[in-house]
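User: Could you walk me through how to read a few features of a protein model? I would like the general idea each time, then the case at hand.
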Amino acid sequence: MNETVIDLKGIYKRFYEGEPNELEILHGIDLEVKKGEFISIVGASGSGKSTLMNIIGALDRPSEGSYILGGTDVCQADDSELSHIRNKEIGFVFQTYNLIPRNTALKNVELPMMYARHKPSERRKKARELLELVGMGDRMSHTPDRLSGGQKQRVAIARALANDPSIILADEPTGALDSKTGRLIMDLFHDLHEKKGITIVLITHSPELANETERVLTLMDGNIISEARGATYDLRQHTVGVQ
Ligand SMILES: Nc1ncnc2c1ncn2[C@@H]1O[C@H](COP(=O)(O)OP(=O)(O)OP(=O)(O)O)[C@@H](O)[C@H]1O
Ligand SMILES: [Mg+2]
């Protein structure tokens, strides 16, 4: 369990680099995440959490520093290598779900497997299994406009799992949900972590939710200013379960 899967060293991110309005947002971030860890990142709005998450997820490149993601040097990789590693290794979950409106839940979950060129019959079967897993087996043919926020987020989590990622990156996944629904989503993450050993990096504004994770990093003005151990979490209090 000691393998490092996310290894950031001296990461800087600057926007408008070299221009008069250059903006340095991250100022030398060091962060190591071990395989199977569940960590959270907290911090005020504008502190750089999403900017850091975009770098961790190889959606964006750092301006300076080194980043090894699952053995791949992200700074050296070309765009097609990055999109391959994103599709294969990482499942993204966002605050606003980012589902395709005209596609059913089933089609939304199938999509990453289409990009990965899975056979139609295989991807349909897998998408069904994943929707069952997140408790959405009875809503597969619904389009997102016919689903509640919590249901949409469960579909988004099923989609994030489509290509068996080793890492889930979640940027405020409960931010748009009421606290009870947020609780269900958080329980689902705990299940995926404990039962499937998925590495999870969670961005949240909720200190209570952050405190349930193994490590809580606080970002302030583009620097990690503290790192704390979270309290332990009792899996038995779960309201939903991953079979
Ligand atoms: N593409 C960009 N171009 C220029 N500035 C950007 C860009 N992306 C982010 N920023 C700036 O970087 C800073 C950090 O933004 P970021 O989205 O990372 O904050 P955050 O911690 O995720 O905030 P929130 O909690 O509100 O989501 C902000 O000042 C933002 O304006
Ligand atoms: Mg953000």
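User: How many salt bridges does a search of the whole structure find?

Analyst: Happy to help! First, the ground rules: this is a predicted model, in which local features need pLDDT of at least 70, side-chain atom pairs count only at pLDDT 80 or more, and totals for chains, interfaces and linings use all residues. Residues are numbered from 1 along each chain as its sequence is written, chains are lettered from A and ligands numbered from 1 in the order in which they are written, and side-chain values use heavy atoms, with hydrogens and water left out. Now the general idea: side chains of opposite charge can pair when their charged atoms come close. A salt bridge here is a side-chain nitrogen of Lys or Arg within 4 Å of a carboxyl oxygen of Asp or Glu. The search finds 19 of them, and R14, E17, E24 and E64 are linked in a network.

User: Which residue forms a salt bridge with R61?

Analyst: That is D79, with the closest N and O atoms 2.8 Å apart. The pair links distant parts of the chain, 18 residues apart: R61 sits in the loop between helix 1 (49–56) and strand 4 (64–69), and D79 in helix 2 (residues 79–89). Helices (H or I, at least four residues) and strands (E, at least two) are DSSP runs, numbered from the N terminus.

User: Is R123, which pairs with E110, buried or exposed?

Analyst: Check the relative accessible area: buried means under 20%, exposed over 50%, and partly exposed in between, using a 1.4 Å probe and protein chains only. R123 is buried, and E110 is too. Their closest N and O atoms are 3.1 Å apart. Since R123 belongs to helix 4 and E110 to helix 3, the salt bridge ties together parts 13 residues apart in sequence. By contrast, D79 is exposed at 56%, while R61, at 27%, is partly exposed.

User: Where do the buried residues of helix 4 lie around the axis?

Analyst: An α-helix has 3.6 residues a turn, so residues three or four places apart point the same way. In helix 4, the buried residues are R123, K126, A127, L130, L131 and L133. They cover an arc of only 150° (taken from the directions from the helix axis to the C-beta atoms), which puts them on the same side of helix 4. S121 and K125, on the other side, are exposed. The buried set packs against helix 3 (105–115), helix 5 and helix 6 (179–196), where contact means heavy atoms within 4.5 Å.

User: Which residues have the most contacts inside the largest nonpolar core?

Analyst: In soluble globular proteins, nonpolar side chains tend to be buried together. A nonpolar core is a set of buried Ala, Val, Leu, Ile, Met, Phe, Trp, Tyr and Cys residues joined through side-chain atoms within 4.5 Å. The largest has 35 residues, and those with the most contacts inside it are V109, L131, V155, I157, L161, I168 and F189. A second, separate core of 29 residues includes L52, L69, L217 and L219.

User: What lies 2.9 Å from a polar atom of the side chain of Q153?

Analyst: The backbone oxygen of F94. The backbone oxygen of P173 is 2.8 Å from a polar atom of that Q153 side chain. Q153 is found in helix 5 (residues 149–160) and is buried, with a relative accessible area of 0%.

Key. Polar contact = N/O pair within 3.5 Å; in protein donor to acceptor, adjacent residues only side chain to side chain.
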